[in-house]
Amino acid sequence: TDPQNLPAGGLCMYLADHHIHSCCSPDSEAPLSEMLRAAQAAGLSDLCATDHCDLLDLDGGRVTGLDWAPILTQYQAARGDCPAGVKLRLGLELGGAPVDPDCAAAILSGADLDFVIGSLHNLSPAKGGKDFYFLDYTTPRACYEALDDYFDSLAQLVHLDCWDTMGHIIYPLRYMQQIPGHPVTLERYQDRLRALLTGVAQAGRAIEVNTWCGRTVAQWQPLLELYRDCGGELITLGSDAHRPEDVGKGISQAQELLRTVGFRYFTVYHRRTPQFIRL
């Protein structure tokens with residue numbers, strides 16, 4: 001698509017956070033209405049609620065469905081009282097789709113969604129399925145074994161059609177790099193990352209720059225440069241906020257990073273269709 005024909009956002013004027021969690025996620029207590037008010041206070045123009053649905057629980061047990069009722073009830077109420085100047089969209093963070101693609105598709109059929117983040121929070125079932133947050137990262141070997149499994153699963157995810165953006169590709173590093181003495185990097189995974197990002201680009205899907213509430217913006221530059229080299233164009237932005245005070249954190253810095261790398265626009269989604277906002 002020719003960027004000249006795309007809607008213009010203006011320099012740093014259109015701020016969109018397409019990854020936030022409310023009290024409909026197990027790890028947040030914030031009503032969506034509070035997240036919306038925080039978005040308005042942060043100067044956002046666009047907010048997408050992407051509560052969690054993981055096909056594996058924290059210990060690797062299977063999850064086979066999602067109760068949409070509280071999510072949809074909260075969304076409709078928030079939409080009816082949406083603050084001026086903020087567009088609200090309905091999304092989902094779908095974790096672990098390679099575990100059961102048919103189940104993933106059935107879950108997505110339960111709501112008319114704007115946007116789906118495809119992510120991974122767990123080891124594969126073959127490796128026990130435990131959530132990455134709870135793994136032991138005290139040795140480099142343990143870190144790289146987890147990353148090997150993680151990239152194996154991402155390689156499966158890229159071939160599924162139940163997602164719009166590949167969420168927080170550098171996710172496990174959040175926890176691994178907190179261990180002193182052995183900083184873990186993705187250097188050994190460059191070939192696998194190139195194949196993965198080429199697959200995303202060829203599928204016409206996006207990757208997410210996840211700022212982790214403003215903490216990890218700079219870490220995305222090497223991946224963005226590689227993605228651009230692989231022909232990637234679609235990029236969504238998300239703070240991964242679980243609290244109102246974190247909504248929108250790092251989004252403007254992420255937009256500036258995209259410009260630095262050479263991208264001309266970022267992407268928001270409406271009814272699973274990308275819309276382009278000029279940087």
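Hi everyone, let me start with overall size. For 279 residues, a compact globule would have a radius of gyration near 19 Å, and this protein comes out at 18 Å, so the two agree. Please keep in mind that what you see here is a predicted model. If you draw a box along the principal axes, the C-alpha atoms fill roughly 50 × 40 × 35 Å. Inside that box, the secondary structure adds up to 8 helices and 9 strands.

Let's take the sheet next. In what order do the 7 strands of the open sheet run? The order is simply 1-2-3-4-5-6-7, and the pairing is parallel. At the edges sit strand 1, residues 16–20, and strand 7, residues 235–238, and each of these pairs on one side only. For strand 1, the partner to look at is strand 2, residues 46–54: the two pair in the parallel sense over 3 bridges. If you want a landmark there, find Asp17, which stands opposite Leu47 in strand 2.

While you are at that end of the sheet, have a look at helix 3, residues 101–108, which packs on the sheet. Helix 3 touches strand 2, strand 3 (87–95) and strand 4 (115–119). Its direction makes about 160° with that of strand 3.

Now for the helix pairs, and I have three of them for you.

The first pair on my list is helix 4, residues 140–157, with helix 6, residues 190–202. Their axes are 10 Å apart, and the packing angle is about 20°. Because of that angle, helix 4 counts as roughly parallel to helix 6. The crossing of these two is left-handed. Which residues of helix 4 meet helix 6? They are Asp148, Phe151, Asp152, Leu154 and Ala155, and on the helix 6 side we find Arg192, Leu193 and Leu196. Sorted by class, this contact has 5 nonpolar and 3 charged residues, with no polar ones.

Staying with helix 6, let's turn to its packing against helix 7, residues 221–229. Here the angle is about 55° and the axes lie 9 Å apart. Helix 6 is therefore oblique to helix 7. This crossing is right-handed. From helix 6 come Gln190, Leu193, Arg194, Leu197 and Val200, and they meet Leu223, Leu226, Tyr227 and Asp229 of helix 7. The class count for this contact is 6 nonpolar, 1 polar and 2 charged residues. You may have spotted Leu193 on both lists: this helix 6 residue takes part in the contact with helix 4 and in the contact with helix 7.

That brings us along to helix 7 and helix 8, the latter being residues 251–261. They pack at about 45°, with axes 10 Å apart. So helix 7 is oblique to helix 8. What is the handedness of the crossing of helix 7 and helix 8? It is right-handed. Helix 7 makes the contact through Gln221, Leu224, Glu225 and Arg228, while helix 8 brings Leu257, Leu258 and Val261. By class, that gives 4 nonpolar, 1 polar and 2 charged residues.

To wrap up, the picture to take away is an open parallel sheet of 7 strands, helix 3 packed on that sheet, and helix 7 packing with both helix 6 and helix 8. Thanks for listening, and I'm happy to take questions!

Technical notes:
Residues are numbered from 1 along each chain as its sequence is written. This is a predicted model: local features need pLDDT of at least 70, side-chain atom pairs count only at pLDDT 80 or more; totals for chains, interfaces and linings use all residues. Side-chain values use heavy atoms; hydrogens and water are left out. Two strands pair if DSSP finds at least two bridges between them. Helices (H or I, at least four residues) and strands (E, at least two) are DSSP runs, numbered from the N terminus. Contact means heavy atoms within 4.5 Å. Axes are lines fitted to C-alpha atoms, for helices over the stretch in contact, and angles run from 0 to 180 degrees between N-to-C directions. Angles under 35 degrees count as roughly parallel, over 145 as roughly antiparallel, 65 to 115 as roughly perpendicular and the rest as oblique. A crossing is left-handed if the near helix is turned anticlockwise from the far one by less than a right angle, and right-handed if clockwise. Ala, Val, Leu, Ile, Met, Phe, Trp, Tyr, Cys and Pro count as nonpolar, Asp, Glu, Lys and Arg as charged, and the others, Gly among them, as polar. The radius of gyration is taken over C-alpha atoms; the globule rule is 2.2 Å times the number of residues to the power 0.38.
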